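Q: Could you walk me through this protein and explain the reason behind each label? I am new to it, so please give the cut-offs as you go.

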Amino acid sequence: MKHSGLFRRTTPEAVETTRLADFSYLDPGVVYLDSACQSLRPQPVLDALTEYYTSYNACGGRVKYAWGRRVDDEVAAARQGVLGLLGLSGRHYAVSFTLNTTFGLNLLLQQLPLGRYARVVTSHVEHNSVFLPTMTAAKRLGVPRLVLGRAEDGALLYEPAQLERAVVVVNAASNIDGRLLTNLADLVRDTHAKGGIVILDAAQSMAHERALLQKTDADAICFSAHKMYGASLGVIVARRELLSSLELSFVGGGMVADVREDSYDLLPNDPGALLEPGLQAWAEIIALRHATDWLGQVRPGGRPPAEHVSALSERLFDSLSDIPGLTMVNTAASPVISVYAPKQDSHRLAVFLSQSGIAARSGYFCAHHYLKERLGLPPLLRFSLGLHSTTADVDRAQDALARLMKGLS
């Protein structure tokens, strides 16, 4: 039930107004509501970056002196931290680091073996990081590309026959309205039964909807550390069988044990290195290790992180729904909420909100096909929450947008 704009719920889940101390550097006059693009970094992550550059700034995997050995230990801990968050075993999965989610998806899709797969399957409700690489992957593999619908709750709508020897690439959570891939377990089971694989874009789910992914049997999970409180970095968690099947074409130093004039030997027993050519982003990888540790320990308002964000999401969804002249894209609360005003330009609204210290995103959020072509919507205004967010932030954003809409009417 929606509450009046004049009165706010006062349940314990919705009264946390104090920002976590790890974000105390944030200007109190700024309300940052663009975590779907990149989250703010907690102080332990910032400290880890500084410590690397000032205390042991060495290459990993290449040197034997003390700084390099520490880098190797930190990188190994980062890989294990990712597997730990997902509840996955290193016996079956390997962790690779790359530039971002888009880069990781392309690394996998553009090196899949020819002749093994019969189709590429994705959905209409995808970020360009999925939508575009599935086009080029289908062309390279010489197979058709099938674009399916998603239900209101985010489930992929498919028939089992459509999964025959399919490469299924879909998001686990939408960056438009946060809807989840609620039938993930069924999708993976049915795809595997038909000889296919499932690759997940988990960029929007790793921070706050990680429970959906834990102990999954998906073949690969791609996400961005910078959307889950780490530094700018991409991560691939892939089944060892998938990695060993790749037809590698993007190769370089760091992947090989030996090189001859016309051939080379890959590093033995290190499948993660198959997707890590060249010098790696050591500081960012180390920062991710601290981000995963932090996520495992932080308790905003004494609650688990997911509960904190869920309570704020409900509050924001209800309060935005109360503003006259505003159309909600979301049908339910989530950490990502998109709206638009049919009579106003969303970019203009974002500029006006910025003048009030509210940082919100405007546009199509790299989901042009679904929002512009399929739904015919104008550019949207998006609010996305993080663990730095408080009820005071939500209330300031609602009040600012309500005043703005009233003034423009």
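A: Let's start with pairing: two strands count as paired if DSSP finds at least two bridges between them. Strands themselves are DSSP runs of E with at least two residues, while helices are runs of H or I with at least four, each numbered from the N terminus. This is a predicted model, where local features need pLDDT of at least 70, side-chain atom pairs count only at pLDDT 80 or more, and totals for chains, interfaces and linings use all residues. Residues are numbered from 1 along each chain as its sequence is written, and side-chain values use heavy atoms, without hydrogens and water.

Q: How do you know that β11 and strand β12 pair?
A: DSSP gives 2 bridges between β11 and β12 (residues 336-340), in the antiparallel sense. Pairing asks for at least two, so β11 and β12 qualify. In this pair, Thr-327 stands opposite Tyr-340 of β12.

Q: What makes β1 and β11 stand at the edges?
A: The open sheet has 5 strands in the order β1-β13-β14-β12-β11, with mixed pairing. β1 (31-33) and β11 (327-328) each have a single partner strand, so one side of each is left without a neighbour in the sheet.

Q: Why is Ser-384 called buried?
A: Buried means under 20% relative accessible area, exposed means over 50%, and partly exposed lies in between (1.4 Å probe, protein chains only). Ser-384 has 1% relative accessibility, so it counts as buried. Ser-384 belongs to strand β14 (residues 380-384). Contact means heavy atoms within 4.5 Å, and beyond four places in sequence Ser-384 touches several residues, including Tyr-32, Leu-33, Pro-335 and Val-336.

Q: What about Leu-377: buried or exposed?
A: Its relative accessibility is 15%, so Leu-377 counts as buried. Leu-377 sits in the loop between α10 (368-374) and β14. Setting aside neighbours within four places, Leu-377 is in contact with Tyr-340, Tyr-364, Leu-371 and Lys-372.

Q: Why is strand β8 described as largely enclosed?
A: In β8 (residues 234-239), 6 of the 6 residues are buried, so the rest of the structure largely encloses this strand. Gly-234, Ile-236 and Ala-238 are buried on one side, and Val-235, Val-237 and Arg-239 on the other. Strand β2 (residues 93-98) joins β8 through 6 bridges, running antiparallel, with Ala-94 opposite Ala-238. Strand β7 (residues 220-224) pairs with β8 over 5 bridges, also antiparallel, and there Ile-221 stands opposite Val-237.

Q: What makes the link between Arg-19 and Asp-393 a salt bridge?
A: A salt bridge is a side-chain nitrogen of Lys or Arg within 4 Å of a carboxyl oxygen of Asp or Glu. The closest N and O atoms of Arg-19 and Asp-393 are 2.9 Å apart, so the pair fits. Arg-19 lies in the segment before β1 and Asp-393 in helix α11 (residues 391-408), 374 residues apart. Asp-393 is buried, at 3% relative accessible area.

Q: Which other salt bridges are there?
A: The whole structure has 17. One of them joins Arg-260 and Asp-265 at 3.0 Å, N to O. Arg-260 is partly exposed at 38%, and Asp-265 is partly exposed at 33%. Another joins Asp-395 and Arg-315, with the closest N and O atoms 2.9 Å apart. Asp-395 is in helix α11 and Arg-315 in helix α8 (residues 305-321), so this pair ties together parts 80 residues apart in sequence. Both Asp-395 and Arg-315 are buried.
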